Number of protein chains: 2
Amino acid sequence: MKTSLTRRNFLAASAASLIPAAAGASVIHRSSGLLSILDDATQPQTTPHEDWKNSGVIDVSQSPHARLKTVPARSVTVGDGFWQKRRQTNVGSSIPSMHDELLEHGRLDNFLRLEGKSSAAQRGPVYSDSDIYKWLEAVGFAVQTGNQPQLQATAEAMMRTVAAAQEPSGYLNTYFVGDRSSQRMLPATQETGHELYCIGHMLQAAVAWYRATGDATLLHAGIRFVDDFLLPNYGPAPNQKPIVAGHPEIEMALIELYRTTRNRRYLELAGYILQGDPRIPLTERQITYMFCGVPFTSRTKLEGHAVRAMYACCGATDYYLETGDPAYWKTLNVLWNDLAQHQIYITGGVGARAAGESFGDPYELPNARAYGESCAAIGNMMWNYRMLAATGDAKFADVIERALYNGINSGMSLDGRTYCYRNPLAFDPSSGDRIRNPWYDTTCCPPNLERTMASLPGYFYSTTDDGLYVHLYENSELNWHLHDGTGLRVVQKTRYPWEGAVLLEVSPEHPAEFALNVRIPAWSAKSTVRVNGEAVAGAEPGQYLQIQRRWSGSDRVELGFEMAPQILRANPAVTENTGRVAMQRGPMVFCMEGLDQTVPPEQRNLAGFSVHASGATTASYDASLLDGVVVLEHEGSHEEAPPSSSLYFAADTPQPVASPATLRLIPYYSWANREPSEMQVWIPYIRA
Amino acid sequence: MKTSLTRRNFLAASAASLIPAAAGASVIHRSSGLLSILDDATQPQTTPHEDWKNSGVIDVSQSPHARLKTVPARSVTVGDGFWQKRRQTNVGSSIPSMHDELLEHGRLDNFLRLEGKSSAAQRGPVYSDSDIYKWLEAVGFAVQTGNQPQLQATAEAMMRTVAAAQEPSGYLNTYFVGDRSSQRMLPATQETGHELYCIGHMLQAAVAWYRATGDATLLHAGIRFVDDFLLPNYGPAPNQKPIVAGHPEIEMALIELYRTTRNRRYLELAGYILQGDPRIPLTERQITYMFCGVPFTSRTKLEGHAVRAMYACCGATDYYLETGDPAYWKTLNVLWNDLAQHQIYITGGVGARAAGESFGDPYELPNARAYGESCAAIGNMMWNYRMLAATGDAKFADVIERALYNGINSGMSLDGRTYCYRNPLAFDPSSGDRIRNPWYDTTCCPPNLERTMASLPGYFYSTTDDGLYVHLYENSELNWHLHDGTGLRVVQKTRYPWEGAVLLEVSPEHPAEFALNVRIPAWSAKSTVRVNGEAVAGAEPGQYLQIQRRWSGSDRVELGFEMAPQILRANPAVTENTGRVAMQRGPMVFCMEGLDQTVPPEQRNLAGFSVHASGATTASYDASLLDGVVVLEHEGSHEEAPPSSSLYFAADTPQPVASPATLRLIPYYSWANREPSEMQVWIPYIRA
């Protein structure tokens, strides 16, 4: 327990130096009395705290309004199972091949050129630096959770290249150089130029690396940007120039930097940016699209660019976790209810519209034309993880699970070499769309997927003063400690998500009384919980079951979740799903691909299949299919093509012949991993 | 018959002077041998033919490939009935109030300023001149079909103002003046600047006025633009600069000018524009969006901006009617099949997407988010009218009728003072959208609707060498003649579209043998036809029934169409209509508005209503509702709101209670004429 004691000592020491958190800090730039915090040149030089090893994906150990505290990703060792396969693909295939893609597309040359080590011209869109940073963050998390000497060496060299490109002023961006230098941080550039978005990703990578190895090379570069370039020149004071985030991201990055350094100016700067600065006037359209520039607390619904909105919500929740500002909490819950009631796909994806990569109207959830950008689903998971930290409410973990297993997991192919930008819920290959691609010129999604896979173990558990929370189920081993320092090992043995039985072996280093909070997924209508063979009552779907007892050191908790395939309807207001149902089993949403159907190819129009309320559904694991998946088979029907090629015909036109047919469904995440084929999640439904 | 003989003599004379139509003329600018036509300064000055009175909405009297010839709008007098009411509103309310709107928004000041008669700055978007021209065209047609002294005087003064703004070079545009003069007709300006689009509308207005009164003021201005400014400087020759239409419109206008003047250079110029000029390179996106700039005959599907595509198809069909180019005919039919099978709303609207006001993918026909711009539905009608002229195939007339009674008719409010730009098929007032507005800064739709209403009588009939075609049914009187000059009067007596009985009194000036071709609408599964009380066999839906006989001078033809309300399904590939049906009766598509339903307002969610296959539907005319409409009442059901506020729930969740309910439906065109209320065309359907 040496480590944890060291950590606690450090935290106690650093806490003493904190400026007290003030409610209403979000409006700090309106209050001249507080201006000094952001405008005080006498602030000491920033250094990170030394306990780099023990921080989680986000470090809320000191956050006054985080009920749940994160565990470091390295404290969880993932064993043989569903995510291990995906994570091995991530580290063995995705991250290395993306490295090659980044180099091939000039993303590193952009930095090398500034050091005179490349003669290549600038390449890629304005936000291309973030591609490098997100990839670095992915490797940082990979190193946190495993030994990756080759990737580590490559990344460390790359970080030195990045740091070397930084200007003496602290400014760092490979796009706004040379002739474009004069555009730096102009209001119009801030609106579209992604300078602070890139720095936000740089800071996140820097923090991930600091937490991986204690190497602060990139972190110091990030601190230099903020301390030397940003804070002296930009902020709310009359002698400072105004900031607009443009693409939210910097907010959560600054708060993570605050958590890493305890320099409160970073938190205050994030609060200022979340508030918006009226000195940069924006059009209604910009305010909607960018989801920033006006007080976050003035938002009443999710709208505009989905990734921007999700990242803004992440930053705002981080801000709440640190300040407890009730106006933020109110807004966050209004927005979350909008998400859950109107905007989330059954896959956990968000952002229905291709135009503006944006949220649509309430209930606007088209299937084939769903945008559902991978980054937006990741942003959704990140936001819900922060809401979960604030509350311990399982509804947020349900969203995390839904997004993770479906709309995020779909984004990376089984071989790890191609990625989805869009994640539609229906697909017609005759559209000519290529859904999975090894590279996008806007390649935000691929490294975002990689950092998510790499950091995944950090999402499994949280601790509270009372004990432990178990959020996600997977063969794995936790080695961490309770808040009182008692060492704790938890071994999970399960075939989740394919089977509903989970065995938890709970082993504190010595017998201890604490609460084990196990998540009962919302989809599990009937769950069983046993401790050492004895049934525990009270498991409710969508809740944590608290098992408060004295744990002796070798207790066995057996969980059993309801794995019968479920047929789901959508709210009738989702007009595209009228008369349709989707199938889910455990956390997995399923879909039909044309090539799995027994109907001859020439009759394979998926629109002709129907699920029957009376039809039986069976589930079986097929190890040879798609790296091993559960396949659902449903006894429904299939009808031939309509009697006319016209668009409209009489409803009493003799119905096409409907024949019994077995519908075969695979997990949504695994679609489009074979030859192009029709796909649908929502299937016509016959109530009889 | 004096008039018609005069006309025929004129036509015979002018036909002799024609340059023979050459197949392959569409590629004229590739053939140096034909370049001379567009590049020959010795061409005589253009003058319109003198027979202004007897031209139809389009004048295909000389078009070699027009099987059907138009009748002048003035030859049809509309009597008391459905369209008279709408047309009186058009002339008495819409056209005058739009005049005031145009003046209030500076559209006429834009011209007056150039004459030193206004000091107001330029106002309105780049295409604002076309607002004035479309309004003038509407008045021109109003004068063709009725005595409108006040409107005529206003319009004639306005035309003098327009003509006075023309520059000595022939150039005329109120936007590209002053500092913007240097941008004139640059390729980039042609792509987005709408100069030729505006001139196209000016030419159409000019032709409408010439055909109204013989006044060629505006026509001469238009000819000057083309003869003095355009033809000498722009075209395919090496010493000419290239043209791209940008927004198709000029093509059909030039061909109508050709028909009015017989100056074949206008036809050839239209052909050159339809072919595109490779000297103006375009991106794939521009080629898709603008629907011009590459050979029309290379198109394989409807795509891009819907109005542009429809106007391009109009121009291309006009070109086919004059040249018979088989490549054009092939492409036109490919595009029409795409329209009918994949792209047309049940209302006749086209252009599903708001983004780019564009066609969507095949079967992409959302309801609440339908764009369905009024102008696109009008373009659809105009195109089908030209296809009908080429063939006499009733399938084109069916599209005209569908668009006219529904997706066009909806565009003008019952009081004539507000207009739809979008014509969605479902509506939720909580969206905050205002669907009907008196003014749009892009005010293309309002005067487009006005010119359509004003020209409507011209669409009722056509003639062929064999006799007469009746396309549309309405109380009216035709006074025209057969191709041999025999005078012909046809009186229609009907309560169409509310009732299915039509009496045609057919009165040639002397007994004559000819064919009366009466359209049997595609929606009328069982139709009866009697001549002087005797049944005539052979009426088939979606065909013209040819009644070939000797007409004595007072024959009575009685038509009876099937007016039972019909329940229609959509092709299953239209995913938003899965499990839904629409109702149609006669040519009218119906919809539900929330405020007509008997369910209490707080439960009025339209998604809860279902049509039942077994439910009875009754139709009754309500003279007091919405200026008099037939209302459908259907015995279906209504279910309460779903049991959960969440988006997704188990299909076997206890169903909401469904209670028997009478669904009340009104004609689609009449929606949104009372307080804001929910609306839907496609209604959930229960097969039982």
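**A walk through a predicted two-chain model**

Take the contacts in chain A between residues at least 6 apart in sequence: 70% of them join residues at least 24 apart. Keep in mind as you look around that this is a predicted model.

Let's stay with chain A for the overall picture. Its secondary structure adds up to 17 helices and 25 strands. The radius of gyration is 25 Å, close to the 26 Å that the globule rule gives for 688 residues, so chain A is as compact as a globular protein of that length. If you lay the C-alpha trace along its principal axes, chain A spans about 80 × 65 × 45 Å. Of its 688 residues, 65% count as buried. As for the outside, the accessible surface of chain A is about 23,000 Å², and carbon and sulfur atoms account for 51% of that.

Now zoom in on a piece of sheet. Strand β20 of chain A (residues 617-622) pairs with strand β21 of chain A (residues 629-639), running antiparallel over six bridges. To find your place in this pairing, look for A:A619, whose bridge partner in β21(A) is A:L632. Together β20(A) and β21(A) make a hairpin, with six residues between them. In that turn sits A:L626, which has a positive phi of about 50°.

How does chain A relate to chain B? A rotation of 180° with 0.0 Å of shift along its axis puts chain A on chain B, with an RMSD of 0.0 Å. The two copies are therefore related as by a two-fold rotation axis. Both copies also use the same surface, as 98% of the contact residues of chain A recur in chain B.

Hop over to chain B for two residues inside helices. B:N406 belongs to helix α16 of chain B (residues 394-408). Its relative accessibility is 0%, so B:N406 counts as buried, the cut-off being under 20%. What does its side chain find there? A polar atom of the B:N406 side chain lies 2.9 Å from the backbone oxygen of B:R402, and the backbone oxygen of B:P587 is likewise 2.9 Å from a polar atom of that side chain. Leaving out residues up to four places away in sequence, B:N406 touches B:T347, B:E401, B:P587, B:M588, B:V589, B:Y668 and B:Y669.

The other residue is B:T161, in helix α6 of chain B (residues 149-164). With a relative accessible area of 13%, B:T161 is buried too. Setting aside neighbours within four places in sequence, B:T161 is in contact with B:L108, B:F111, B:L112 and B:E115.

How values were computed. Residues numbered from 1 in each chain as written. Chains lettered and ligands numbered in written order. Heavy atoms only, no water. Helix = DSSP H or I, 4+ residues; strand = E, 2+ residues; numbered from the N terminus. Buried < 20%, exposed > 50% of the residue type's maximum accessible area, 1.4 Å probe, protein only. Contact = heavy atoms within 4.5 Å. Least-squares fit on C-alpha atoms with pLDDT ≥ 70 in both. Pairing = 2+ DSSP bridges. Polar contact = N/O pair within 3.5 Å; in protein donor to acceptor, adjacent residues only side chain to side chain. Rg over C-alpha atoms; globule rule 2.2 N^0.38 Å. Areas by Shrake-Rupley, 256 points an atom, 1.4 Å probe, with all protein chains shown as cover.
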